[in-house]
Amino acid sequence: MADGVYSEVDVVVVGAGFGGMYMLHRLRGLGMTAKVFEAGSGVGGTWFWNRYPGARVDIQSLEYSFSFDEKLEREWRWSERYAPQAELLDYANHVADRYDLRRDIQLDTRVNAAHFDETANRWTVTTDRGDTVSARHVVMATGCLSIPQAPKFPGLESFKGKWYHTGQWPHEKVDFTGDKPGCALLRFLGRLEPFKADIGTGEVDRLLTLAALGFGNWRSGRHVFTHSLNSSSALEC
Ligand SMILES: Cc1cc2nc3c(=O)[nH]c(=O)nc-3n(C[C@H](O)[C@H](O)[C@H](O)COP(=O)(O)OP(=O)(O)OC[C@H]3O[C@@H](n4cnc5c(N)ncnc54)[C@H](O)[C@@H]3O)c2cc1C
(Lines give C-alpha, C1' and ligand atoms only; values in the text may rest on other atoms or scores of the structure.)
Protein backbone atom coordinates (compact mmCIF):
# COMPACT_ATOMS: atom_id res chain seq x y z
CA MET A 1 0.00 0.00 0.00
CA ALA A 2 1.41 3.37 -0.93
CA ASP A 3 1.43 6.18 1.60
CA GLY A 4 -1.82 8.03 2.00
CA VAL A 5 -3.96 5.43 0.27
CA TYR A 6 -7.34 4.65 1.78
CA SER A 7 -7.92 0.92 2.02
CA GLU A 8 -10.06 -1.68 3.72
CA VAL A 9 -8.93 -4.80 5.54
CA ASP A 10 -10.44 -7.14 8.08
CA VAL A 11 -7.79 -6.40 10.70
CA VAL A 12 -5.17 -3.74 11.35
CA VAL A 13 -2.35 -4.97 13.58
CA VAL A 14 -0.17 -2.38 15.29
CA GLY A 15 3.41 -3.59 15.85
CA ALA A 16 5.58 -6.19 14.12
CA GLY A 17 7.27 -7.76 17.11
CA PHE A 18 6.85 -11.47 17.80
CA GLY A 19 3.23 -10.82 18.81
CA GLY A 20 2.28 -8.85 15.69
CA MET A 21 4.00 -11.27 13.31
CA TYR A 22 2.28 -14.28 14.82
CA MET A 23 -1.06 -12.45 14.75
CA LEU A 24 -0.64 -11.75 11.03
CA HIS A 25 0.18 -15.39 10.37
CA ARG A 26 -2.89 -16.56 12.32
CA LEU A 27 -5.20 -14.07 10.65
CA ARG A 28 -4.12 -15.24 7.22
CA GLY A 29 -4.78 -18.79 8.33
CA LEU A 30 -8.31 -17.73 9.25
CA GLY A 31 -8.75 -16.32 5.76
CA MET A 32 -8.75 -12.71 6.92
CA THR A 33 -7.03 -9.77 5.28
CA ALA A 34 -4.67 -7.87 7.53
CA LYS A 35 -2.33 -4.90 7.48
CA VAL A 36 0.49 -4.49 10.00
CA PHE A 37 2.00 -1.11 10.79
CA GLU A 38 5.38 -0.97 12.50
CA ALA A 39 7.07 2.21 13.72
CA GLY A 40 10.56 0.73 13.41
CA SER A 41 12.44 0.13 10.18
CA GLY A 42 12.51 -3.63 10.75
CA VAL A 43 10.53 -6.46 12.28
CA GLY A 44 11.37 -8.04 15.65
CA GLY A 45 10.04 -5.40 18.09
CA THR A 46 11.94 -5.75 21.35
CA TRP A 47 14.89 -7.34 19.55
CA PHE A 48 14.91 -4.69 16.85
CA TRP A 49 15.12 -1.83 19.36
CA ASN A 50 17.19 -3.27 22.22
CA ARG A 51 20.61 -3.69 20.62
CA TYR A 52 22.75 -2.83 23.59
CA PRO A 53 25.85 -4.98 24.23
CA GLY A 54 24.92 -8.04 26.25
CA ALA A 55 21.21 -8.01 25.34
CA ARG A 56 19.89 -11.56 25.27
CA VAL A 57 16.94 -13.62 26.42
CA ASP A 58 16.69 -14.59 30.06
CA ILE A 59 14.57 -17.62 29.35
CA GLN A 60 15.96 -20.47 27.25
CA SER A 61 16.02 -19.77 23.51
CA LEU A 62 14.02 -22.93 22.78
CA GLU A 63 11.21 -21.70 25.01
CA TYR A 64 11.36 -18.31 23.35
CA SER A 65 10.79 -19.83 19.89
CA PHE A 66 7.46 -19.94 18.09
CA SER A 67 5.78 -23.30 18.57
CA PHE A 68 3.03 -23.06 15.95
CA ASP A 69 4.97 -24.97 13.29
CA GLU A 70 7.06 -28.05 14.01
CA LYS A 71 8.99 -27.59 10.77
CA LEU A 72 10.10 -24.14 11.87
CA GLU A 73 11.13 -25.52 15.25
CA ARG A 74 13.15 -28.29 13.63
CA GLU A 75 14.92 -26.16 11.04
CA TRP A 76 16.06 -23.36 13.35
CA ARG A 77 19.18 -23.97 15.42
CA TRP A 78 19.98 -21.67 18.33
CA SER A 79 23.71 -21.28 18.85
CA GLU A 80 23.36 -20.61 22.58
CA ARG A 81 21.02 -21.67 25.34
CA TYR A 82 20.26 -17.99 26.01
CA ALA A 83 20.41 -16.39 22.58
CA PRO A 84 21.93 -12.93 22.06
CA GLN A 85 19.90 -10.08 20.57
CA ALA A 86 21.41 -10.36 17.07
CA GLU A 87 20.34 -13.98 16.82
CA LEU A 88 16.82 -13.20 18.04
CA LEU A 89 16.59 -10.52 15.39
CA ASP A 90 17.83 -13.00 12.75
CA TYR A 91 15.15 -15.40 13.92
CA ALA A 92 12.43 -12.71 13.63
CA ASN A 93 13.60 -11.90 10.10
CA HIS A 94 13.71 -15.59 9.21
CA VAL A 95 10.10 -16.01 10.38
CA ALA A 96 9.02 -12.92 8.42
CA ASP A 97 10.60 -14.31 5.25
CA ARG A 98 9.60 -17.93 5.75
CA TYR A 99 5.90 -17.06 6.07
CA ASP A 100 6.03 -14.22 3.54
CA LEU A 101 4.83 -11.80 6.20
CA ARG A 102 6.52 -8.70 4.81
CA ARG A 103 4.03 -8.11 2.02
CA ASP A 104 1.46 -7.11 4.68
CA ILE A 105 3.83 -5.24 6.98
CA GLN A 106 4.45 -1.53 6.47
CA LEU A 107 7.60 -0.43 8.27
CA ASP A 108 8.62 3.08 9.37
CA THR A 109 4.97 3.86 10.01
CA ARG A 110 3.48 4.82 13.36
CA VAL A 111 -0.25 4.46 13.95
CA ASN A 112 -1.34 7.70 15.54
CA ALA A 113 -5.12 7.25 15.85
CA ALA A 114 -7.86 4.62 15.75
CA HIS A 115 -11.50 5.74 15.85
CA PHE A 116 -14.42 3.37 16.11
CA ASP A 117 -17.61 4.18 14.21
CA GLU A 118 -20.45 2.44 16.05
CA THR A 119 -22.87 2.83 13.16
CA ALA A 120 -20.57 1.32 10.55
CA ASN A 121 -19.09 -1.05 13.14
CA ARG A 122 -15.62 -0.34 11.82
CA TRP A 123 -12.36 1.26 12.88
CA THR A 124 -10.65 4.01 10.98
CA VAL A 125 -6.92 3.85 11.56
CA THR A 126 -4.56 6.65 10.57
CA THR A 127 -0.77 6.78 10.50
CA ASP A 128 1.97 9.38 10.59
CA ARG A 129 2.61 8.69 6.88
CA GLY A 130 -0.89 9.67 5.88
CA ASP A 131 -2.44 6.20 5.53
CA THR A 132 -6.12 5.80 6.32
CA VAL A 133 -7.35 2.24 6.72
CA SER A 134 -10.81 0.99 7.51
CA ALA A 135 -10.82 -2.24 9.53
CA ARG A 136 -13.32 -4.42 11.31
CA HIS A 137 -10.84 -5.17 14.08
CA VAL A 138 -7.71 -3.53 15.46
CA VAL A 139 -5.10 -5.57 17.33
CA MET A 140 -2.64 -3.62 19.43
CA ALA A 141 0.50 -5.77 19.33
CA THR A 142 2.48 -2.86 20.68
CA GLY A 143 4.17 -4.80 23.50
CA CYS A 144 4.31 -3.72 27.09
CA LEU A 145 7.90 -2.48 26.95
CA SER A 146 8.18 -0.73 23.60
CA ILE A 147 8.16 2.86 24.86
CA PRO A 148 11.57 3.83 26.23
CA GLN A 149 11.39 5.46 29.66
CA ALA A 150 14.22 7.86 30.41
CA PRO A 151 14.78 8.08 34.17
CA LYS A 152 14.06 11.43 35.80
CA PHE A 153 17.52 11.84 37.28
CA PRO A 154 18.21 15.38 38.44
CA GLY A 155 20.74 16.98 36.11
CA LEU A 156 20.01 14.78 33.14
CA GLU A 157 18.89 17.75 31.01
CA SER A 158 22.13 19.63 31.65
CA PHE A 159 24.41 16.57 31.58
CA LYS A 160 27.20 17.33 29.11
CA GLY A 161 28.43 13.78 28.51
CA LYS A 162 27.09 11.11 26.20
CA TRP A 163 24.27 8.97 27.41
CA TYR A 164 22.45 6.05 25.92
CA HIS A 165 19.17 4.29 26.46
CA THR A 166 19.26 0.54 25.98
CA GLY A 167 15.88 0.63 24.25
CA GLN A 168 17.17 3.13 21.68
CA TRP A 169 20.68 1.80 21.28
CA PRO A 170 22.39 3.16 18.12
CA HIS A 171 22.57 0.76 15.20
CA GLU A 172 26.20 1.67 14.65
CA LYS A 173 28.95 0.54 17.05
CA VAL A 174 29.35 2.75 20.11
CA ASP A 175 32.93 3.60 20.97
CA PHE A 176 33.48 3.92 24.71
CA THR A 177 37.17 4.69 24.43
CA GLY A 178 38.05 7.36 26.98
CA ASP A 179 34.74 7.06 28.80
CA LYS A 180 34.04 5.74 32.23
CA PRO A 181 30.72 4.10 32.97
CA GLY A 182 28.87 5.81 35.79
CA CYS A 183 26.21 3.22 36.33
CA ALA A 184 25.49 0.06 34.42
CA LEU A 185 23.06 -2.74 34.14
CA LEU A 186 24.48 -6.03 35.33
CA ARG A 187 23.93 -7.82 32.04
CA PHE A 188 25.85 -4.98 30.47
CA LEU A 189 28.79 -5.19 32.83
CA GLY A 190 30.00 -8.44 31.34
CA ARG A 191 30.47 -6.65 28.03
CA LEU A 192 32.39 -3.77 29.52
CA GLU A 193 35.59 -5.65 30.24
CA PRO A 194 37.83 -2.65 29.58
CA PHE A 195 36.09 -0.72 32.34
CA LYS A 196 36.23 -3.32 35.08
CA ALA A 197 39.28 -1.63 36.51
CA ASP A 198 37.42 1.69 36.56
CA ILE A 199 34.26 0.26 38.05
CA GLY A 200 36.20 -1.59 40.71
CA THR A 201 35.52 -4.96 42.26
CA GLY A 202 33.69 -3.33 45.17
CA GLU A 203 31.25 -1.61 42.84
CA VAL A 204 30.61 -4.82 40.92
CA ASP A 205 29.90 -6.58 44.22
CA ARG A 206 27.56 -3.76 45.25
CA LEU A 207 25.60 -4.05 42.01
CA LEU A 208 25.45 -7.83 42.30
CA THR A 209 24.13 -7.52 45.82
CA LEU A 210 21.52 -4.95 44.79
CA ALA A 211 20.49 -7.21 41.93
CA ALA A 212 20.16 -10.17 44.26
CA LEU A 213 17.90 -8.05 46.47
CA GLY A 214 15.76 -7.23 43.47
CA PHE A 215 16.88 -3.61 43.26
CA GLY A 216 18.53 -4.18 39.91
CA ASN A 217 15.41 -5.58 38.29
CA TRP A 218 16.05 -5.51 34.54
CA ARG A 219 12.67 -4.04 33.78
CA SER A 220 13.28 -0.94 35.85
CA GLY A 221 17.02 -0.73 35.40
CA ARG A 222 17.43 -0.71 31.64
CA HIS A 223 19.64 2.33 31.54
CA VAL A 224 23.31 2.92 31.28
CA PHE A 225 25.01 6.25 31.54
CA THR A 226 28.52 7.14 30.67
CA HIS A 227 30.36 10.31 31.43
CA SER A 228 33.56 11.54 29.96
CA LEU A 229 36.55 11.54 32.27
CA ASN A 230 36.95 15.20 31.35
CA SER A 231 33.33 16.10 32.00
CA SER A 232 32.70 18.28 35.01
CA SER A 233 29.28 16.81 35.66
CA ALA A 234 28.51 13.20 36.45
CA LEU A 235 25.41 11.21 37.22
CA GLU A 236 25.25 9.10 40.30
CA CYS A 237 23.05 6.11 40.79
C1 LIG B 1 15.47 -5.69 26.94
C2 LIG B 1 14.34 -6.67 26.99
C3 LIG B 1 14.61 -8.00 27.24
C4 LIG B 1 13.57 -8.93 27.27
N5 LIG B 1 13.87 -10.23 27.52
C6 LIG B 1 12.88 -11.15 27.58
C7 LIG B 1 13.16 -12.51 27.81
O8 LIG B 1 14.29 -12.89 27.99
N9 LIG B 1 12.14 -13.37 27.86
C10 LIG B 1 10.84 -12.98 27.68
O11 LIG B 1 9.94 -13.81 27.73
N12 LIG B 1 10.54 -11.69 27.44
C13 LIG B 1 11.52 -10.77 27.38
N14 LIG B 1 11.23 -9.46 27.15
C15 LIG B 1 9.83 -9.08 26.94
C16 LIG B 1 9.57 -8.90 25.43
O17 LIG B 1 9.08 -7.62 25.30
C18 LIG B 1 8.60 -9.98 24.96
O19 LIG B 1 9.22 -11.25 25.14
C20 LIG B 1 8.21 -9.89 23.48
O21 LIG B 1 9.33 -9.69 22.64
C22 LIG B 1 7.18 -8.82 23.26
O23 LIG B 1 6.75 -8.94 21.93
P24 LIG B 1 5.57 -8.03 21.39
O25 LIG B 1 5.42 -8.34 19.95
O26 LIG B 1 4.39 -8.22 22.27
O27 LIG B 1 6.04 -6.54 21.63
P28 LIG B 1 7.34 -5.77 21.12
O29 LIG B 1 8.44 -6.71 20.79
O30 LIG B 1 7.60 -4.70 22.12
O31 LIG B 1 6.86 -5.13 19.74
C32 LIG B 1 5.96 -4.07 19.73
C33 LIG B 1 6.22 -3.28 18.47
O34 LIG B 1 5.15 -2.35 18.32
C35 LIG B 1 5.67 -1.20 17.73
N36 LIG B 1 4.78 -0.09 18.03
C37 LIG B 1 4.43 0.40 19.24
N38 LIG B 1 3.55 1.41 19.10
C39 LIG B 1 3.32 1.55 17.76
C40 LIG B 1 2.51 2.43 16.98
N41 LIG B 1 1.72 3.36 17.54
N42 LIG B 1 2.53 2.31 15.62
C43 LIG B 1 3.33 1.37 15.02
N44 LIG B 1 4.11 0.51 15.73
C45 LIG B 1 4.11 0.60 17.08
C46 LIG B 1 7.05 -1.02 18.35
O47 LIG B 1 7.90 -0.25 17.52
C48 LIG B 1 7.50 -2.47 18.49
O49 LIG B 1 8.34 -2.86 17.41
C50 LIG B 1 12.23 -8.51 27.09
C51 LIG B 1 11.97 -7.15 26.85
C52 LIG B 1 13.01 -6.24 26.79
C53 LIG B 1 12.69 -4.79 26.53
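**Ligand shell and helix α5**

Of the 27 residues around the ligand in this predicted model, those that come nearest are G15, G17, G19, G45 and G143, a residue being counted as near when its C-beta atom, placed from the backbone, lies within 6 Å of the molecule. The elements that contribute two or more residues to this shell are α1 and α2, where helices are DSSP runs of H or I with at least four residues, numbered from the N terminus. The most is given by α1, with three residues. By class, the shell comprises 13 nonpolar, 11 polar and three charged residues, with Asp, Glu, Lys and Arg taken as charged, Ala, Val, Leu, Ile, Met, Phe, Trp, Tyr, Cys and Pro as nonpolar, and the others, Gly among them, as polar.

Residues are numbered from 1 along each chain as its sequence is written. The model being predicted, local features need pLDDT of at least 70 and side-chain atom pairs count only at pLDDT 80 or more, whereas totals for chains, interfaces and linings use all residues.

In helix α5, Q85, L88, L89, Y91, A92 and V95 are buried (20 or more other C-beta atoms within 10 Å of the residue's own, against 12 or fewer for exposed and partly exposed in between, with C-beta atoms placed from the backbone). Seen down the axis of α5, the buried residues fall within an arc of 155°, so they line one face of the helix; the arc is that of the directions from the helix axis to the C-beta atoms. On the other side of α5, A86 and D97 are exposed. After α5 comes D100, whose phi is positive, near 50°.
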